[in-house]
Amino acid sequence: MTGLMRATGVVGAAILLALLALALAADQIAPGDPLRMVGRPLLAPFADARFPLGTDQLGRDIWAGLVHGARVSLTVGAVAAAAAICVGILVGTLAGFLGGLADDVLMRVTEAVQTIPTFLLALALVSVLGASAVNVVIAIALSSWPPTARLVRAEVLRVRTLDYVDAARVAGRAPLAIAFLEVLPGALQPVVALIGITVGEAILVESALAFLGLSDPNLQSWGAMIANGRATLRVAPWLVILPGIAIALAVLSVSLTGDSLAARLGARRRA
Amino acid sequence: MPWRFLGRRLQQAVPVLLIVAVGVFFLLEIAEGDAVDAYLAATGAGDAGLAAQLREQYGLTDTLATRFLTYATRLATLDLGHSVAFDRPVLEVIATRLPVTLMLMGSAILVSGALGVILGGLAGWRRGGPADLTITVTALILNAMPGFWLGLLAIILFAVKLRWLPLGGIGSIGADLSGLAAVLDTVRHLLLPVGTLALTYLALYVRLMRAAMIEAADSGWTLAARARGLPERGIVLRHMARPALLPVVTMLGLQAGAMLGGSVVIETVFAIPGLGRLSFEAVTQRDLPLLAGILLAGTLVVVVVNILIDLLYRRLDPRVGDGVRATERRP
């Protein structure tokens, strides 16, 4: 691992921790509902000490919105990515371990889901299920599991030919127990490399859905703040710029942390 | 033309399309409320009698199996149903919107592929240098930006502050241009959306190209070329960049779906009347038949783009024979 890689990993982790701290302490840092009108509308950033980042056209505090939005974006991103990876692991392990017809069917389905444009699928799912935080998680999970499934399947195909798996078979363990307790742990390591990408992608999809108005209307989210800021793009561009910086920082920190985590594990493996 | 290869690829595409078609049917089934509810809500008129009559007419009162059969036979004859929001056949609505999206997507794929190859190639060639650092960091940051936000930033800068380019749309309204002027007008309108879409997906290609360049630089054939005393320019272009192109080309095909998905927000931001904006309109107006048609059409577009990219791959890599799929050669 190069020095640069280590440095970016540290920077990424620091930003991520800061964002997590803001999200966890949102109620202490900015008490009250971030969707409440609290000040004069369209205050510029740094103009009023009570509203450090200004207010929007309805007099809502931008700083409060960003802090509470962190909660939504990070939670949805993490939970959706975790669910997607779980689905991918399940499908990949079954396909790789069972082989034959089951493998064929599962892989054709994986290919089909991967062929549908991911965002279109997520958009369709949310619009059919209804716009709530839980449904956004479900939609992202159902549309972004295929890469994990393919990776896990390839690893399972490799691992299941190893001697210790044969030993388990000879010892008479049940096939599914072998698949999930013996083969899967050996096949998980490359999945680590996908965590950062999957979480970052989930945050981006969540923000895009929110931008299009498909998010929980009772929760302030970064994407929804940008959509709201579009109306005053000419007079108050910061309403669009600030939440976007928050999204970019979140995705950047997650992918940097994920990359360096994967590199670290990979290095330890090779060593 | 490699007909056998094309035949095989089409054969591979059939199960994918069938599964997507079945999936779309069930997606429509789990939707709360149906097309009639949406239609009555949109027109703001009607009673229970009319609703029942319309449901009968649309075949919504049948059993699940019968409904599926109706859906499948209609699909087989390319009948995608009737759009509630536009009051026209879904196929017709999609056909009018598709060309713009294909133009947007095609240009964005070309631009991001070309930029990725150039920048990634440069970074890989000058590994560890200031150019490498600048390109890698820029790609990382671009990768983290949401496409719609980048588009809005571009609008703020180029359309609002500098006033160089139009805010949105695909042509000047009422300008009545023809010939070259009309083409230039379209190009001016597409510059920002294509640029935004291309930049959001650039990072992947930069990364891939850079890694493949480094791999090729350390390869035996590059060493052999150096030993023969070939000029550096030739080595970089022919022995390093050319083989490094292959994974990038494969990824261009694999990312076609992501590009099409990304065009939803980009078309919404730039008010481009394409398939992406249409899907947003279908969602906001609860036009489920239209949404289903867009999912099917989008999938078909991705399949076709992938086959085209595989054909291109075969031209670039002489090692690929008949029946071997480019995407399977490189995991």
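Visitor: What does the secondary structure of chain B come to?
Guide: Chain B has 15 helices and two strands. Those are DSSP runs numbered from the N terminus, with at least four residues (H or I) for a helix and at least two (E) for a strand.

Visitor: Cool, and what am I looking at here?
Guide: This is a predicted model, where local features need pLDDT of at least 70, side-chain atom pairs count only at pLDDT 80 or more, and totals for chains, interfaces and linings use all residues. Residues are numbered from 1 along each chain as its sequence is written, chains are lettered from A and ligands numbered from 1 in the order in which they are written, and side-chain values use heavy atoms, leaving out hydrogens and water.

Visitor: How far does the C-alpha trace of chain B span?
Guide: About 85 × 55 × 40 Å along its principal axes.

Visitor: And how much of chain B is buried?
Guide: Of its 331 residues, 47% are buried. Buried means under 20% relative accessible area, exposed is over 50%, and partly exposed is in between, using a 1.4 Å probe and protein chains only.

Visitor: Switching topic: is B:Arg226 buried or partly exposed?
Guide: Partly exposed, because its relative accessibility is 40%. B:Arg226 sits in helix H10, residues 220-227 of chain B.

Visitor: What is B:Arg226 in contact with?
Guide: Leaving aside neighbours within four places in sequence, B:Arg226 touches B:Glu232 and B:Ile235. Contact means heavy atoms within 4.5 Å.

Visitor: And how far is B:Arg226 from B:Met251?
Guide: They're 25 residues apart in sequence, and 30 Å apart in space from C-alpha to C-alpha.
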